[in-house]
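Visitor: I would like a close look at one part of this model and what surrounds it. Please keep it brisk.

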Amino acid sequence: QVQLVQSGGGSVQPGGSLRLSCLVSGNAFRTLIMGWYRQAPGKQRELVADIRSGGSPNYADSVKDRFTISLDNAENTSYLQMNSLEPEDTAVYYCNLKSLLIVARGDPGYWGPGTQVTVSS
């Protein structure tokens, strides 16, 4: 049973930083794709960043050069480092895990429970 446990998040002033964590258990995928998504009130969930094990990260244009996604295989954890935060970054952030087979099938994969990030002065 794959489970994703998120931590981090909270409230920060504009220009501040936060780091989100996503601990994965029960994963036996040889190659995985970890994604971070966010959903603001009244908006659709959007991809913020993703990374394939052994591959290069991809970022949404809105967060490029501010956010950094990483995978720590030894700790079975993905991190999303968020710097220079803006009020527009306020949303619930979710981590998502897929295998290559899940991607090929078009299935949603496994989701974390979400964590609130609020950027406000």
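Visitor: Take strand β9 as the part. Which residue in β11 stands opposite A91?

Guide: V117 in β11 stands opposite A91. This is a predicted model, and that goes for each value below.

Start with the pairing between those two strands. β9 and β11 run antiparallel and pair over 3 bridges. β11 covers residues 115-119, and β9 covers 91-99.

β9 also pairs with β10, a strand of residues 110-111. These two run antiparallel as well, joined by 2 bridges. L97 has Y110 in β10 as its bridge partner.

β4 is another partner of β9. Here 8 bridges join the antiparallel strands. The bridge partner of L32 is S99 in β9.

How enclosed is β9? Of its 9 residues, 8 are buried, so the strand is largely enclosed by the rest of the structure.

Now the core. The largest nonpolar core has 26 residues. M34, W36, F67, L80, M82 and Y93 have the most contacts inside it. β9 is one of the strands that each supply at least two residues to this core. The others are β3 (18-25), β4 (32-39), β5 (46-52), β7 (67-72), β8 (77-82) and β11.

Next, the cysteine in β9. A search of the whole structure finds 1 disulfide. Its cysteines are C22 and C95, with sulfur atoms 2.1 Å apart. C22 sits in strand β3 and C95 in strand β9. The pair links distant parts of the chain, 73 residues apart. What is its handedness? The torsion about the S-S bond is about 65°, so the disulfide is right-handed. Both ends are enclosed. C22 is buried, with a relative accessible area of 0%. C95 is buried too, also with a relative accessible area of 0%.

C22 leads on to β8. T77 lies in that strand and touches C22. Leaving out residues up to four places away in sequence, T77 also touches S21, L23, S70, L71 and D72. T77 is buried, with a relative accessible area of 9%. The side chain of T77 reaches the backbone oxygen of E75 at 2.8 Å.

Follow the loop between β8 and β9. D89 lies in that loop, while R38 lies in strand β4. Their side chains meet in a salt bridge, 2.9 Å from N to O. The pair therefore ties together parts that are 51 residues apart in sequence. R38 and D89 are both buried.

D89 has another basic partner. R66 forms a salt bridge with D89, and the closest N and O atoms are 2.7 Å apart. R66 lies in the loop between β6 and β7, so this pair ties together parts that are 23 residues apart in sequence. R66 is buried, as is D89.

R38 also has another acidic partner. The side chains of E46 and R38 meet in a salt bridge at 2.7 Å, N to O. Are the two residues buried or exposed? R38 counts as buried at 6% relative accessibility. E46 counts as partly exposed at 35%. These residues belong to a wider set: R38, E46, R66, E86 and D89 are linked in a network of salt bridges. The structure holds 5 salt bridges.

One step beyond β9, take the other pairing of β4. β4 and β5 run antiparallel, joined by 6 bridges. G35 stands opposite D50 in β5. The two strands form a hairpin with 6 residues between them, and G42 there takes a positive phi near 80°.

β5 continues to β6, a strand of residues 58-59. That pairing is antiparallel too, over 2 bridges. A49 stands opposite Y59 in β6. β5 and β6 form a hairpin with 5 residues between them. In the turn, G54 has a positive phi of about 80°.

To recap your strand: β9 pairs with β4, with β10 and with β11. C95 in β9 is linked by the disulfide to C22 in β3.

Notes: Residues numbered from 1 in each chain as written. Predicted model: local features only at pLDDT ≥ 70, side-chain atom pairs only at ≥ 80, totals over all residues. Heavy atoms only, no water. Core = buried A, V, L, I, M, F, W, Y, C linked by side-chain atoms within 4.5 Å. Buried < 20%, exposed > 50% of the residue type's maximum accessible area, 1.4 Å probe, protein only. Helix = DSSP H or I, 4+ residues; strand = E, 2+ residues; numbered from the N terminus. Pairing = 2+ DSSP bridges. Disulfide = S-S within 2.5 Å. Polar contact = N/O pair within 3.5 Å; in protein donor to acceptor, adjacent residues only side chain to side chain. Contact = heavy atoms within 4.5 Å. Salt bridge = Lys/Arg side-chain N within 4 Å of Asp/Glu carboxyl O.
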